Amino acid sequence: MIGQIYKITNIKNLKSYIGLTYNKKYGDTAYIKRFEKHMTGKGGVYISEELKSGEYSPADYVIELLETNISDINQLRSL
């Protein structure tokens, strides 16, 4: 299974969240699918709390792919 490391940034407060996804079903677009989950409140707690506050909306977030083709935990440790 191939993993991806991504960064989501709130462009209003400049806070960032680093995430990792392994998703064989979506392949190269797995990180985008994970971003979509974050934007519906099904991702990490920090982004979910910001969205629930009403101060921020999904339009205030951008995603950037940092690493791809992560095949195992040892490869992650070497980054």
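# Notebook: H38 and its surroundings

**Entry 1, H38.** I started with one residue, and H38 turned up in helix α1. The model I am reading is a predicted one. I asked whether H38 is buried or exposed. Its relative accessible area is 1%, so I put H38 down as buried, the cut-off being under 20%.

I then looked up what the side chain of H38 reaches. It comes to 3.0 Å from the backbone nitrogen of G44. Setting aside neighbours within four places in sequence, I listed the contacts of H38 as Y6, I8, Y17, G43, G44, I47 and L51.

**Entry 2, the helix around it.** Helix α1 covers residues 30-39. Which of its residues are buried? I noted A30, Y31, F35, H38 and M39. I kept a general remark beside this list: an α-helix has 3.6 residues a turn, so residues three or four places apart point the same way.

Next I checked what the buried residues of α1 pack against. The partners are β1 (3-10), β2 (16-22), α2 (45-52) and β3 (61-70). After the helix comes G41, and I wrote down its positive phi, near 85 degrees.

**Entry 3, the nonpolar core.** I looked for the largest nonpolar core and found nine residues in it: Y6, I8, Y31, F35, M39, I47, L51, Y56 and Y61. At least two residues of this core come from each of β1, α1 and α2. Which element gives the largest share? It is α1, with three residues. The general expectation for soluble globular proteins is that nonpolar side chains tend to be buried together.

I compared this list with the one for H38. Among the contacts of H38 are Y6, I8, I47 and L51, and these four names also stand in the core list.

**Entry 4, Y6.** I went on to Y6, a contact of H38. Y6 has a relative accessible area of 1%, so I entered it as buried. Without its neighbours within four places in sequence, Y6 is in contact with Y17, I18, G19, L20, T21, Y31, R34, H38, I63, E64, L65 and L66.

How many aromatic pairs does the count give? I got one. Y6 and Y17 form this pair, which is tilted, with 6.5 Å centre to centre and 45 degrees between the planes. The pair links distant parts of the chain, as Y6 is in strand β1 and Y17 in strand β2, eleven residues apart. I checked the exposure of the partner too: Y17 has 23% relative accessibility and therefore counts as partly exposed.

**Entry 5, the whole chain.** I stepped back to the order of elements. The protein chain has three helices and three strands, and from the N terminus on they run β-β-α-α-β-α. Of its 79 residues, 30% are buried. I also looked at contacts between residues at least 6 apart in sequence, and 54% of them join residues at least 24 apart. The accessible surface comes to about 5300 Å², and 52% of that belongs to carbon and sulfur atoms.

**Entry 6, two positive phi values.** I searched for residues that have a positive phi although they are not glycine, and noted two cases. L14 has a phi of about 65 degrees and is found in the loop between β1 and β2. Its relative accessibility is 64%, so L14 counts as exposed. N69 has a phi of about 60 degrees and lies in strand β3. With 46% relative accessibility, N69 counts as partly exposed.

**Entry 7, K24.** I found K24 in the loop between β2 and α1. Is K24 buried or exposed? At 69% relative accessibility I recorded K24 as exposed. I then took the distance from K24 to I2: the two are 22 residues apart in sequence and 6.7 Å apart in space, C-alpha to C-alpha.

**Entry 8, confidence.** I closed with the pLDDT values. The mean for the protein chain is 88, and 90% of its residues reach 70 or more. Which element has the lowest mean pLDDT? I noted helix α3 (residues 73-77), at 65, while β1 has the highest, 94.

Note on methods:
Residues numbered from 1 in each chain as written. Predicted model: local features only at pLDDT ≥ 70, side-chain atom pairs only at ≥ 80, totals over all residues. Heavy atoms only, no water. Buried < 20%, exposed > 50% of the residue type's maximum accessible area, 1.4 Å probe, protein only. Helix = DSSP H or I, 4+ residues; strand = E, 2+ residues; numbered from the N terminus. Contact = heavy atoms within 4.5 Å. Core = buried A, V, L, I, M, F, W, Y, C linked by side-chain atoms within 4.5 Å. Phe/Tyr/Trp six-rings, centres within 6.5 Å; stacked < 30°, edge-to-face > 60°. Polar contact = N/O pair within 3.5 Å; in protein donor to acceptor, adjacent residues only side chain to side chain. Areas by Shrake-Rupley, 256 points an atom, 1.4 Å probe, with all protein chains shown as cover. pLDDT = per-residue confidence, 0-100.
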